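Biologist: Please take me through one part of this structure up close. Start from a single spot and follow the chain into whatever surrounds it.

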Amino acid sequence: MRVVSLVPSLTEAVAVTAPGLLVGVTDWCTHPAGLTAARIGGTKNPDTAAVAALRPDIVLANEEENREPDLAALRAAGLDVLVTEVRTLDQAFAELERVLTACGLARPRWLEESRAAWEALPPAPAPRPAIVPVWRRPWMVLGRDTFAGDLLARLGVHNVYAGHHERYPRVPLTELNASGAELVVLPDEPYRFTATDGPEAFPGLPAALVDGRHLTWYGPSLTEAAGALRAALR
């Protein structure tokens with residue numbers, strides 16, 4: 001089996017389970033360390049000819065992270081493209097099983113440990129209204145129907161913009177500061193918020209700096225994400 005992954009989360013899932021399967025990954029695939037598969041460009045601009053030249057049995061993609069024209073080009077080249085949709089934790093677990101099965105792999109231990117870690121969380125505290133920026137210049141936040149939003153909800157964080165008609169709306173900073181939020185959650189990806197780049201824009205609001213991989217990746221990182229996010233939000 002030869003696998004090309006266009007999704008960093010799925011790259012990690014396959015590499016941790018069966019490292020020898022991956023023949024191509026994106027430039028953004030940073031985990032696990034030491035990947036030796038060919039680099040085929042970004043998630044939004046993969047070199048589709050290079051992917052085809054690798055002769056994969058399957059290409060792993062995601063409806064949010066990858067562009068349909070690129071996926072269509074891969075299908076036109078005769079490749080089997082598996083497209084995932086992940087907008088909740090339960091959906092993440094289901095899609096991970098589908099991906100691993102398609103790669104000919106049995107259910108790995110880390111997947112069971114990830115489920116157990118999230119099921120073991122204590123009941124969430126009373127919801128705390130929060131804003132969750134994912135970019136600045138312009139400011140963009142989590143909106144409706146996102147995987148990260150579902151994780152935060154399980155940890156007692158109510159996303160103020162969860163009812164927005166867009167999934168990642170652009171919202172002026174003045175509006176964010178007038179939203180009634182009691183917390184700002186700042187991940188370090190896709191924009192790298194830090195203690196000196198982000199919190200200063202929200203005077204008077206406590207800021208929780210969280211690992212973006214724990215908040216947005218679905219794969220082996222889910223095992224530690226439950227405890228790590230809970231600790232960061234405290």
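**From an exposed loop into the sheet**

Modeller: Let's begin with Arg55, which is exposed because its relative accessible area is 56%, and the cut-off for exposed is over 50%. Keep in mind that this is a predicted model. Arg55 sits in the loop between α2 (48-53) and β4. Its backbone is a bit of an oddball too: phi is positive, about 55 degrees, even though Arg55 is not a glycine. Most residues other than glycine have a negative phi.

Now step from that loop into β4, which covers residues 58-62. What is the strand order of the sheet here? It goes β3-β2-β1-β4-β5, an open sheet of 5 strands with parallel pairing. Look at its edges: β3 (38-39) and β5 (81-84) each have a single partner strand, so one side of each has no neighbour in the sheet. For β5, follow the pairing with β4, which is parallel and made of 4 bridges. If you want one spot to click on, try Asn62, with Thr84 of β5 opposite.

Next, see what lies over these strands. Helix α3 (residues 68-76) lies across β4 and β5, at about 155 degrees to β5. Helix α1 (residues 8-17) crosses β4 and β5 as well, along with β1 (3-5) and β2 (22-25), and its angle to β2 is about 160 degrees.

Is α1 enclosed or not? Largely enclosed by the rest of the structure, because 8 of its 10 residues are buried. The cut-off for buried is under 20% relative accessible area. You can pick out the buried ones: Pro8, Ser9, Leu10, Thr11, Glu12, Ala13, Val14 and Ala15.

Thr84 gives us another trail to follow. Past the neighbours within four places in its own sequence, Glu95 has contacts with Val83, Thr84, Glu85 and Val86. Glu95 belongs to helix α4 (residues 89-102). Is Glu95 buried or exposed? Buried: its relative accessible area is 11%, and the limit for buried is under 20%. So set it beside Arg55, which is exposed at 56%.

One last stop: α1 also takes us to a pocket. The largest pocket holds about 970 Å³ of space. It is lined by 25 residues, and those closest to its centre are Glu64, Glu65, Glu189, Pro190 and Thr216. At least two lining residues come from each of α1, β7 (133-135), α6 (147-154) and α8 (212-216). By class, the lining has 13 nonpolar, 7 polar and 5 charged residues.

Zoom in on two of those central residues, because there's a backbone surprise. The peptide bond joining Glu189 and Pro190 is cis, with omega about 5 degrees, whereas most peptide bonds are trans. Pro190 lies in the loop between β10 and β11. Those two strands, β10 (residues 183-187) and β11, run parallel and are joined by 4 bridges, with Pro187 opposite Val210 in β11. Along β11 (residues 207-210), Ala208 and Val210 are buried and point to one face, while Ala207 and Leu209 point to the other and are not buried. That fits the usual pattern, since side chains in a regular strand alternate between the two faces of the sheet.

Conventions:
Residues numbered from 1 in each chain as written. Predicted model: local features only at pLDDT ≥ 70, side-chain atom pairs only at ≥ 80, totals over all residues. Heavy atoms only, no water. Pairing = 2+ DSSP bridges. Contact = heavy atoms within 4.5 Å. Axes fitted to C-alpha atoms, helices over the stretch in contact; angles between N-to-C directions. 1 Å grid on protein atoms, 1.4 Å probe; cavity = no way out; pocket = protein on both sides within 12 Å on 5 of 7 lines; lining within 4 Å. Points joined across faces, edges and corners; volume = space filled by probe spheres on them. Nonpolar A, V, L, I, M, F, W, Y, C, P; charged D, E, K, R; others polar. Buried < 20%, exposed > 50% of the residue type's maximum accessible area, 1.4 Å probe, protein only.
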